[in-house]
Amino acid sequence: EQKEKPDEMKKMKAQRVWRLLHDWHLVPGTGKDGIIDLAQLRNWVQSSREKAKAVDRLEVCDITIGGVLAHAPAEPDGSWPSIPVREILEEVNSEEIKRGFVMGICNKRGVVSRGLREGGRQERELAAKFKLYADKCQGRWPQTAGALAQVSADYFEMGKREDADAEAEG
């Protein structure tokens, strides 16, 4: 029986860890009731960041944390993301976490289908939704509001491109 090469084992382990992190859709600290415990979430973020920093992987860790935070539930009033996630985005104030959060939001959308001449209607609706989310966060959670405003702006730009494509095919 041949032993696997150490490099091959590292590669396999890295692939398993990557798959685990990218398939992760539950924010740490989420209880059975769907409510996120801020202290548990804060502990997970701090611990993850410390461990990643020790092996010089803080940037990728922060991007991944942001992607996980993108799966947060809404608040009972319909605002999004949940307050514990907003608090973490403010406390940590990491550009990489915010970038991962924005990417995670967009990636959650999945595959998009549209009518032949539909244009960017879907993207305009998403831009409006995320602008409302950003507006609700503006005063108390400016970092979160900024990230949500970026999502809104990105969807607005995508909508303009889809409109132009539909008009060109028209």
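At what angle do α5 and α7 pack, and how far apart are their axes? Keep that pair in mind while loading the model, which is a predicted one; the tour reaches the answer after a look at the whole chain.

**Whole chain**

Show the protein as a cartoon. Seven helices and zero strands appear, and reading along the sequence gives the pattern α-α-α-α-α-α-α. Switch to the C-alpha trace: along its principal axes the trace spans about 65 × 45 × 30 Å. Colour by accessibility next. Of the 170 residues in the protein, 34% are buried. If you draw a contact map, consider the contacts between residues at least 6 apart in sequence: 63% of these join residues at least 24 apart.

**Stop 1: α5 and α7**

Select α5 (95-108) and α7 (142-169). The two helices pack at an angle of about 40 degrees, and their axes are 10 Å apart. Since angles under 35 degrees count as roughly parallel, this pair falls outside that class, and α5 is oblique to α7. The crossing is right-handed. Now display side chains at the contact. On the α5 side, select K98, F101, V102, I105 and C106; these meet Q143, A147, L148, Q150, V151, D154 and Y155 in α7. Coloured by class, the contact divides into eight nonpolar, two polar and two charged residues.

**Stop 2: α2 and α3**

Select residues 38-54 for helix α2 and residues 58-69 for helix α3. Their axes come within 8 Å and cross at roughly 155 degrees. Angles over 145 degrees count as roughly antiparallel, so α2 is roughly antiparallel to α3. α2 passes α3 in a right-handed crossing. From α2, the contact takes L41, W44, V45, S48, R49, A52 and K53, while α3 supplies L58, C61, D62, I65, V68 and L69. Nine residues of this contact are nonpolar, one is polar and three are charged.

**Stop 3: α2 and α4**

Keep α2 and add α4 (83-92). How close do the axes of α2 and α4 come? They come within 10 Å and cross at roughly 40 degrees. The arrangement makes α2 oblique to α4, with a right-handed crossing. Select L38, L41, R42, V45 and R49 in α2, then P84, V85, E87, I88, E91 and V92 in α4, the residues that they meet. This contact has seven nonpolar, no polar and four charged residues.

**Stop 4: the largest nonpolar core**

Which members of the largest nonpolar core touch the most other members? Among its 32 residues, they are L41, L69, V85, F101, F130 and L148. Show these six as spheres. The elements giving two or more residues to the core are α2, α3, α4, α5, α6 (121-137) and α7. The largest share, six residues, comes from α6.

Several of these residues have been selected at earlier stops: L41 in the α2 contact with α3, V85 in the contact with α2, and F101 and L148 in the pair α5 and α7. Centre on L69 to see its surroundings. Setting aside neighbours within four places in sequence, L69 is in contact with V27, L41, V85, I88, L89, I97 and F101.

**Stop 5: W141**

Move to the loop between α6 and α7 and select W141. Is this loop residue buried or exposed? W141 counts as buried, because its relative accessibility is 7% and the cut-off for buried is under 20%. Residues touching W141, beyond those up to four places away in sequence, are I83, R86, E87, E90 and K136. For a distance check, draw a line from W141 to I88: the two are 53 residues apart in sequence and 9.9 Å apart in space, C-alpha to C-alpha.

**Stop 6: T144 and A145**

Step along to T144, found in helix α7. T144 is buried, with a relative accessible area of 0%. Its contacts, leaving aside neighbours within four places in sequence, are P81, R86, L89, E90 and C137.

Finish on A145, also in helix α7. At 1% relative accessibility, A145 counts as buried. With neighbours within four places in sequence again left out, A145 is in contact with A134, C137 and Q138. One last distance: the C-alpha atoms of A145 and G110 are separated by 23 Å, and the residues lie 35 apart along the chain.

Conventions:
Residues are numbered from 1 along each chain as its sequence is written. This is a predicted model: local features need pLDDT of at least 70, side-chain atom pairs count only at pLDDT 80 or more; totals for chains, interfaces and linings use all residues. Side-chain values use heavy atoms; hydrogens and water are left out. Axes are lines fitted to C-alpha atoms, for helices over the stretch in contact, and angles run from 0 to 180 degrees between N-to-C directions. Helices (H or I, at least four residues) and strands (E, at least two) are DSSP runs, numbered from the N terminus. Angles under 35 degrees count as roughly parallel, over 145 as roughly antiparallel, 65 to 115 as roughly perpendicular and the rest as oblique. A crossing is left-handed if the near helix is turned anticlockwise from the far one by less than a right angle, and right-handed if clockwise. Contact means heavy atoms within 4.5 Å. Ala, Val, Leu, Ile, Met, Phe, Trp, Tyr, Cys and Pro count as nonpolar, Asp, Glu, Lys and Arg as charged, and the others, Gly among them, as polar. A nonpolar core is a set of buried Ala, Val, Leu, Ile, Met, Phe, Trp, Tyr and Cys residues joined through side-chain atoms within 4.5 Å. Buried means under 20% relative accessible area, exposed over 50%, partly exposed in between (1.4 Å probe, protein chains only).
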